[in-house]
Amino acid sequence: MSLLLAGFLLLSSAQSSVSPMQGAPRPVYLHGKVRLADGKVPAGRVVIERVCSGVARQDGYTDSQGDFSIQGNSQLSSIVPDASVNVDKSFPTSQQTGGLQAGVADRDLVGCEIRASLPGYVSDTINLGFRRVLDNPFIGTIYLHPVATAETYFYNAVANYSQKNLKAAEDNAREAAKRDPQHLNPKINLLLGVLLTDKKEFKEAAENLRIYLQANPSAPDAGAIRQQLATLENWGTLPADWIHGSDPCVAKAENAFQIHAYNENTYILREDKCINYEGPFVYLFFGEDKVFMQDTGAAPRADSGIAFPIRETVMKVVDEWSKKHGKKSLELLVTHSHTHGDHTGGDSQFAGQPNTTMMKFGATDSTLDLGGRILDIMPIPGHEAASVAVYDRNTKLLLTGDTVYPGRLYVRDWPAFKASIEKLAIFVRTHEVSHVLGTHIEMSNKPGVDYAVRTTYQPEEHTLEMTPANILELYEALLKMGDTPVRDVHKDFIVYPR
Ligand SMILES: [Zn+2]
Ligand SMILES: [Zn+2]
């Protein structure tokens with residue numbers, strides 16, 4: 001049996017009312033519609049392409065209604081190839097494939113799909129794979145989707161930023177960055193850097209500023225941005241949540257402390273409130289030669305049988321840091337925010353250990369050089385005689401112990417406390433401060449509402465970080481009180497004379 005005859009039998013058995021042209025492949029007439037994604041008819045003619053085995057050829061155009069049909073040789077030959085389309089000149093025309101008088105032969109459709117082509121748009125495709133002569137010749141609607149370029153998103157981002165729609169600005173800037181992996185427009189990264197700095201997402205902000213400077217090293221603003229970057233690189237991040245106890249309280253040695261890396265060289269530990277309801281914070285600042293440690297935690301009740309692995313936890317952090325930075329014997333300086341027992345609970349674990357110095361500060365301001373990292377130590381008596389504030393010139397963090405924190409500020413020595421807060425107020429007015437960090441959280445996230453003393457579960461606690469504005473607010477409040485301190489509730493803290 002010849003191939004032609006076989007084809008004839010196949011076709012004629014499918015539907016008897018149609019009488020195929022004898023001796024030639026039956027032509028397939030195809031028509032369809034092209035619409036924009038919003039359903040509108042595209043303005044002007046749109047090229048229709050047939051893509052077979054990865055090779056595209058133009059098959060026609062839409063008419064003014066956005067409709068197209070592929071009907072025969074005359075139209076095929078009238079197409080002027082578009083230079084932007086990979087047109088296969090060797091693609092067999094229907095004339096070459098068997099003397100078709102009109103239409104597209106079945107075999108021309110195997111492995112083919114139809115798409116539309118319009119600059120600035122991405123086309124859906126319609127697979128013609130198994131289409132047969134007798135199928136409905138309407139192949140469907142091809143939708144064109146606008147190509148969203150990096151530039152489109154960037155301009156949206158800038159527009160939103162100037163209108164202070166920061167969330168939309170960030171979303172658009174991120175989309176723009178995704179579409180510009182080569183950083184052809186580094187201003188996308190500059191904008192992201194600015195937006196993320198505002199959000200205090202310093203690490204990612206710094207990455208974006210670095211990209212901007214690399215792509216644009218001699219930009220007029222490069223000097224200022226380099227300076228900004230140097231600051232950001234030392235700034236870190238605080239967690240959204242700290243461990244805040246549990247109900248009922250179950251103290252587990254492995255969960256005794258939350259270890260938070262604020263940045264590469266700065267760690268903040270929080271003790272589980274189920275070990276001791278005080279749930280204090282412990283700070284670790286790494287320099288080239290020395291590690292500054294502030295406080296050793298609040299020990300559990302002696303008869304509780306609860307584990308208190310403060311040294312083990314700290315040494316794990318110190319050993320990992322040393323290994324990563326190729327240091328053999330860092331000296332650990334164990335210091336205290338003040339001498340109350342809820343900050344000295346682990347002292348006995350550190351005293352007498354190798355590479356460990358138990359440090360006490362003098363009564364006057366001093367500096368402590370950790371190696372490439374200088375701390376300012378400022379006595380601030382009032383809560384307790386040995387209270388100190390510590391300012392890290394690298395991260396601009398100001399540690400304020402139990403003197404300023406989101407909680408009940410217990411004042412023991414009123415004149416000394418007032419003088420110390422005045423000193424801090426002057427300091428924050430004259431120095432850049434990233435965060436004010438104390439050693440407890442007792443406030444809830446509701447303004448002026450604190451958790452009761454001995455609370456061991458604080459699901460809605462205040463953030464650890466306070467601001468320089470909080471210190472100024474406290475100073476104002478003390479000035480108003482004059483010589484007689486009173487309990488004074490503020491949004492983020494409560495003045496609590498004792
Ligand atoms: Zn205290
Ligand atoms: Zn305390």
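The legends below describe an overview and several close-up views of a predicted model.

**Figure 1. Overview of the protein chain in the predicted model.** The protein chain is built from 11 helices and 25 strands. Of its 498 residues, 35% count as buried. When contacts between residues at least 6 apart in sequence are considered, 61% of them join residues that are at least 24 apart.

**Figure 2. Helix H6, residues 202–215, and its buried side.** Helix H6 has 14 residues, which at 1.5 Å a residue should span 20 Å, and the C-alpha atoms at its two ends are 20 Å apart, so the expected and computed values agree. The buried residues in this helix are Phe202, Ala205, Ala206, Asn208, Leu209, Tyr212 and Leu213. Because these residues cover an arc of only 165° around the axis, they lie on the same side of H6. Such a pattern can be read against the geometry of an α-helix, which has 3.6 residues a turn, so that residues three or four places apart point the same way. The partners against which the buried residues of H6 pack are helix H5 (187–198) and helix H7 (222–234).

**Figure 3. The crossing of helices H6 and H7.** The axes of H6 and H7 come within 9 Å of each other and cross at roughly 150°, which makes H6 roughly antiparallel to H7, since angles over 145 degrees are counted in that way. The crossing of these two helices is left-handed. On the H6 side, the contact is made by Phe202, Ala205, Ala206, Leu209, Arg210, Tyr212 and Leu213, while H7 contributes Ala222, Ile225, Arg226, Gln228, Leu229, Leu232 and Glu233.

**Figure 4. Helix H10, residues 414–430, with its buried and exposed residues.** For the 17 residues of helix H10, a rise of 1.5 Å a residue leads to an expected span of 24 Å, and this agrees with its end C-alpha atoms, which are 24 Å apart. Phe417, Ser420, Ile421 and Leu424 are buried in this helix. Seen down the axis of H10, these buried residues fall within an arc of 100°, and they therefore line one face of the helix. On the other side of H10, by contrast, Pro415, Ile426, Arg429 and Thr430 are exposed.

**Figure 5. The surroundings of the buried residues of H10.** The buried residues of H10, namely Phe417, Ser420, Ile421 and Leu424, pack against two strands, E19 (388–392) and E21 (408–411), and against helix H11 (468–481).

Definitions and conventions: Residues are numbered from 1 along each chain as its sequence is written. Chains are lettered from A and ligands numbered from 1 in the order in which they are written. This is a predicted model: local features need pLDDT of at least 70, side-chain atom pairs count only at pLDDT 80 or more; totals for chains, interfaces and linings use all residues. Helices (H or I, at least four residues) and strands (E, at least two) are DSSP runs, numbered from the N terminus. The expected span of a helix is 1.5 Å times one less than its number of residues. A residue is buried if 20 or more other C-beta atoms lie within 10 Å of its own, exposed if 12 or fewer, and partly exposed in between; C-beta atoms are placed from the backbone. The arc is that of the directions from the helix axis to the C-beta atoms. Two residues are in contact if their C-beta atoms, placed from the backbone, lie within 7 Å. Axes are lines fitted to C-alpha atoms, for helices over the stretch in contact, and angles run from 0 to 180 degrees between N-to-C directions. Angles under 35 degrees count as roughly parallel, over 145 as roughly antiparallel, 65 to 115 as roughly perpendicular and the rest as oblique. A crossing is left-handed if the near helix is turned anticlockwise from the far one by less than a right angle, and right-handed if clockwise.
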